[in-house]
Amino acid sequence: MNTYTNIDQYKASKGAVVTIGTFDGVHQGHQKILERVVKRAHKDSLTSALLTFFPHPRMVLQPDQDLKLINSIDERVALVASQGIENIVIHPFSKEFSRTTAIDYVKEILVDRLQAKVVVIGYDHRFGINRSASIKELKEYAVEFDFEVIEISKKEVEEVAVSSTKIRNTLENGSIEITNKYLNRDFSIHGVIISGKKIGRTIGYPTANLSVKESYKIIPAPGVYITSSIINGQPVYGMTNIGINPTVSSDAAQTIETYYLDFKEDLYGKEMELFFHKRLRSEEKFHHLSDLVAAMQLDEKNTRLYVQQMG
């Protein structure tokens with residue numbers, strides 16, 4: 001897949017089947033749209049393209065909302081590539097860009113730059129300054145500029161019954177199994193293993209402390225989860241605590257700490273992807289350290305049982 005970080009970088013070698021949107025999560029609904037784009041491009045010997053934006057428009061236009069995203073931009077690119085899209089254009093979203101008129105958006109970006117021959121878009125897509133234009137206007141421009149509009153109907157969208165907002169809500173609730181169902185894959189976070197306080201090793205549970213670079217990346221609700229990482233080419237399961245470790249620490253900073261089962265290697269400085277499978281419990285403050293250890297022993301037992309059942 002070709003990745004462009006600005007629409008001006010894209011040089012069309014032939015006409016394109018284009019879809020547009022932030023595609024945060026690249027969830028089931030997004031996957032259906034991308035599949036449709038790829039199939040139509042193959043059928044008509046065109047190239048396939050996704051025009052997406054970063055930062056997310058709401059981050060720019062409503063900065064006080066502190067929007068968290070399901071994917072970092074690098075994760076989004078990788079997920080879109082896995083769907084077979086040939087080109088992804090990540091255009092910088094700014095207040096200036098938000099003032100682009102509908103006609104300029106269609107002519108200068110879709111037609112002149114992307115050479116759009118087919119635009120695949122949801123029934124509720126809006127564009128142009130103040131989101132003033134709808135699919136009705138897009139279809140009118142399609143006649144003027146000679147491209148086809150394929151509308152993803154309300155019925156098709158509702159059949160999937162999933163949205164990026166719904167997924168963000170499930171993550172904030174810690175409902176990781178519902179999240180994974182919506183995504184059609186296991187939710188994951190990327191980061192680097194850093195040195196922590198090394199409290200875990202004093203109670204028999206040495207942990208790898210994951211630092212996530214992107215402050216906008218959504219982290220699941222505090223609690224204990226069954227997770228896994230691919231290490232040395234093999235899946236290694238573990239249990240991950242997200243939270244402030246209230247039993248053993250007075251520091252209010254949230255950490256993401258994983259105890260990997262039957263794994264002793266030093267991971268400091270390594271980049272790691274952590275996949276979330278199941279939530280075991282919420283984070284608790286125990287009165288005695290022995291109660292915390294007992295809870296972790298039960299977590300380990302349940303994690304091993306889960307791995308065994310996975311076969």
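This passage walks through the predicted model of a single chain, from its overall make-up to a few individual residues.

The model is predicted, so local features are given only where pLDDT is at least 70 and side-chain atom pairs only at pLDDT 80 or more, while totals for chains, interfaces and linings use all residues. Residues are numbered from 1 along each chain as its sequence is written, and side-chain values use heavy atoms, with hydrogens and water left out.

The chain holds 10 helices and 12 strands; these are DSSP runs numbered from the N terminus, helices being H or I runs of at least four residues and strands E runs of at least two. Along the principal axes, the C-alpha atoms fill a box of roughly 75 × 40 × 35 Å. Of the 311 residues, 49% are buried; here buried means under 20% relative accessible area, exposed means over 50%, and partly exposed lies in between, using a 1.4 Å probe and protein chains only. Contacts (heavy atoms within 4.5 Å) often link distant parts of the sequence: among those between residues at least 6 apart, 73% join residues at least 24 apart.

Helix 9, residues 176–183, is a good place to begin a closer look. Its buried residues are I176, T179, N180 and L183. Viewed down the axis of helix 9, these residues fall within an arc of 95 degrees, so they line one face of the helix; the arc is that of the directions from the helix axis to the C-beta atoms. As background, an α-helix has 3.6 residues a turn, so residues three or four places apart point the same way. The cover over the buried residues of helix 9 includes helix 1 (28–44), helix 8 (164–173), strand 9 (223–231) and strand 12 (271–281). Just after helix 9 comes N184, with a positive phi of about 70 degrees.

Helix 8 packs with helix 9 at an angle of about 155 degrees, the axes being 8 Å apart. That angle makes the two helices roughly antiparallel. Axes here are lines fitted to C-alpha atoms, for helices over the stretch in contact, and angles run from 0 to 180 degrees between N-to-C directions. Angles under 35 degrees count as roughly parallel, over 145 as roughly antiparallel, 65 to 115 as roughly perpendicular and the rest as oblique. The crossing of helix 8 and helix 9 is left-handed, a term for a near helix turned anticlockwise from the far one by less than a right angle, with right-handed used if it is clockwise. On the helix 8 side, K166, I167, T170 and L171 meet I176, I178, T179, Y182 and L183 of helix 9.

Strand 12 contributes F276, which counts as buried at 0% relative accessibility. Leaving out residues up to four places away in sequence, F276 touches I176, N180, D186, F187, I189, P220, Y225, I226, T227 and I242. F276 and T227 are 49 residues apart in sequence, yet their C-alpha atoms are 4.6 Å apart.

A second helix pair is formed by helix 5 (residues 102–113) and helix 6 (residues 135–145), which pack at about 50 degrees with axes 11 Å apart. These two helices are therefore oblique to each other, and their crossing is right-handed. In this pair, A102, I103, V106, K107, L110 and V111 of helix 5 meet L138, Y141 and F145 of helix 6.

Two threonines come next. T52, in strand 3 (residues 47–54), is buried at 0% relative accessibility. A polar atom of the T52 side chain lies 2.7 Å from the backbone oxygen of G21. T255, in strand 11 (residues 255–260), is also buried, at 18% relative accessibility. The side chains of T255 and E257 make a polar contact at 3.1 Å; such a contact is a pair of N or O atoms within 3.5 Å, where within protein one must be able to donate a hydrogen and the other to accept it, and residues adjacent in sequence count only if both atoms are side-chain atoms.

The loops add some backbone details. F54 and P55 are joined by a cis peptide bond, with omega about 0 degrees, and P55 sits in the loop between strand 3 and helix 2 (57–61). D66 is not a glycine but has a positive phi of about 50 degrees; D66 is exposed, with a relative accessible area of 54%.
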